[in-house]
Amino acid sequence: MMAVNMERFVSEAKGNGLRALREIKAGEVIHSCEPYAFCIAKDFLKTACQSCLKRGESLSRCSQCKTARYCSAQCQKQAWPDHKRECKCLKRLQPRIPTDSVCLVARIIFKLLSQSESDQEELYSIVEHQSHLADMSEEKKEGLRHLCMTLQVYLGEENHDLSPLPPGLDPISLLARVTCNCFSISDGELQDVGVGLYPSMSLLNHDCQPNCVMIFEGKRLMLRAVRLIRPCEELTISYTDILATSKERRSHLQEQYHFLCQCTRCSTEDKDCDMLAGEKTAWTSLRDAIPHLEQLQSEQRILHSRIRGWEELLKEGKAFLHRYADVVPDRNIYVLRLLDLAMDACISLDDYETALEYGNRALESYKLYYSDPHPSRAVELLRVGKLQHYQGRLEEAQGSFTQAYDIMKVTHGTAHALTNEVSRKLSECQAELGRV
């Protein structure tokens, strides 16, 4: 598939990249691949299978390290080649668990040392990946040195000799390469449950209005076109959150990936006025409050059963939304983030009527900022559709599910589990409307 659809090339402005070899229609799978190496995100170690990434509350635990979890004996057997060496490392480090980047680099090292897994079939070898060490600030380099010390402790004495690694791939260089080139592995609803290195896909350059999107089925990456792509046109993805101003996006891309974005959206400051609409002093207060509320949300998702945290989040979110309702409109990105947080809290507290109110308010802004087929808008439409369906608002639900399905046909494909869920929900609505 890779050879037919795309090729590596050198772009004058961006360096290495990937481009189309033929015309590619919206919704086509351009490339799919398994990771060279991956690991489960630290926050999901207890609830995600280490092999297929399936989520569950009663997963079997590795009897040795007591850390890795699996949904079946088959998954545990399939994962053993990757888990075998890290199992000793995890066992020795108990109860501490290293960061995601340390776990991922350790897995990459184990694979490189085994010599049984080659990356020669990739369009972009690990040795070729940019580390950007020379571009990093002293503070960032110091952070990498601390991670390198953690990595060496984690690897232990039995993995002390790293001299067989390919030239240039010392631990600190590998950590730097992973920082710049790995991808978050998200589930169907766009929660990041893992992190992986997909060497050929690291060639994809960034655009704030890209022509491709990455979707995962388990840990398998699917690169899909979201619009018509002409022969020899560069393939692009977005490295950063679209719900941010051009200044914020550029700052994040410079800090994380060491380049200044010159895309049309950034150069023209497209939609920045909408994103920061309203009184500046008011939305500045909202912006400053969001990290704390997002931390609350993250903690509740991990702990699952703590009602008090959701209640605190909702109380604070509601207060901010009420306080600034007359001076900051819903299209302001900080109001939009608050609406999503409040909606999450309401759903967790079974307050579906208020959740739907927040969801409907957020949808207009999603339509404004995600005008192209985008997974985030589709997932938001699905969430709102479920709330409408639950409350018997069948015609509204049918409209939301139809819109979600039309987007997911392009972004996820008709075979994806989430697209099938939307299709089932749409059929249920149509059947219930037929009985009315």
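This passage describes the overall form of a predicted protein chain and the setting of one of its strands. The model is predicted, so that local features require a pLDDT of at least 70 and side-chain atom pairs a pLDDT of 80 or more, whereas totals for chains, interfaces and linings use all residues. Residues are numbered from 1 along each chain as its sequence is written, and side-chain values use heavy atoms, with hydrogens and water left out.

The chain contains 15 helices and twelve strands (DSSP runs numbered from the N terminus, with at least four residues of H or I for a helix and at least two of E for a strand). Its C-alpha trace spans about 70 × 50 × 50 Å along the principal axes. The radius of gyration, taken over C-alpha atoms, is 23 Å, which agrees with the value near 22 Å for a compact globule of 436 residues (2.2 Å times the number of residues to the power 0.38).

Of the 436 residues, 50% are buried (under 20% relative accessible area, with a 1.4 Å probe and protein chains only; exposed is over 50%, and partly exposed lies in between). Among contacts (heavy atoms within 4.5 Å) between residues at least 6 apart in sequence, 66% join residues at least 24 apart.

Strand S3 comprises residues 29-33, and four of its five residues are buried, so S3 is largely enclosed by the rest of the structure. S3 pairs with strand S11 (residues 220-225) in the antiparallel sense over four bridges (pairing requires at least two DSSP bridges between two strands). Within this pairing, Ser32 has Met222 of S11 as its bridge partner.
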